[in-house]
Amino acid sequence: MTIAERFGYKIADICGIAFSHLEQLTKETKGATAIEYGLIAALIAVAAVTVMGTVGTNLSSTFNGVATAL
């Protein structure tokens, strides 16, 4: 006797329940939306770091030029 049979379940019942839960998970879109927002936020962060690095370099050279002129 299997554990499932001890609790009154048949293997086919358990497989049916598992597949219905799996089907519900594939229809769920909230997690996909959260992942998409996370990817967008990561892309914005990478772009911001790149821009800040470029602006920082240009700003540093500008301040060095002003300091040299003074």
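**Confidence, fold and surface of the predicted model**

Among the elements of the protein, helix H1, which spans residues 3-6, carries the lowest mean pLDDT, at 60, whereas H3 carries the highest, at 85. The structure described here is a predicted model, and over the protein as a whole the pLDDT averages 78, with 71% of the residues scoring at least 70.

With regard to secondary structure, the protein contains three helices and zero strands, and the order of its elements from the N terminus is accordingly given as α-α-α. Helix H3, the element with the highest mean pLDDT, covers residues 30-69 and includes Leu59.

With regard to solvent exposure, 1% of the 70 residues of the protein count as buried. The exposed area of the protein amounts to about 6,300 Å², of which 71% is supplied by carbon and sulfur atoms.

A nonpolar patch of about 380 Å² is found on the surface, and the residues that make it are Val51, Val55, Leu59 and Phe63. Within this group, Leu59 has a relative accessible area of 44% and is therefore classed as partly exposed, because that class lies between the cut-offs of under 20% for buried and over 50% for exposed residues. Leu59 thus combines a position in helix H3 with a contribution to the nonpolar surface patch.

Terms used: Residues are numbered from 1 along each chain as its sequence is written. This is a predicted model: local features need pLDDT of at least 70, side-chain atom pairs count only at pLDDT 80 or more; totals for chains, interfaces and linings use all residues. Side-chain values use heavy atoms; hydrogens and water are left out. Helices (H or I, at least four residues) and strands (E, at least two) are DSSP runs, numbered from the N terminus. Buried means under 20% relative accessible area, exposed over 50%, partly exposed in between (1.4 Å probe, protein chains only). Accessible areas come from the Shrake-Rupley method with a 1.4 Å probe; for residues, only the protein chains shown count as cover. Patches are made of residues with over 30% relative accessible area and no salt bridge: like charges are joined within 9 Å, nonpolar side chains (Val, Leu, Ile, Met, Phe, Trp, Tyr) within 5 Å. A salt bridge is a side-chain nitrogen of Lys or Arg within 4 Å of a carboxyl oxygen of Asp or Glu. pLDDT is the predictor's confidence in each residue, from 0 to 100.
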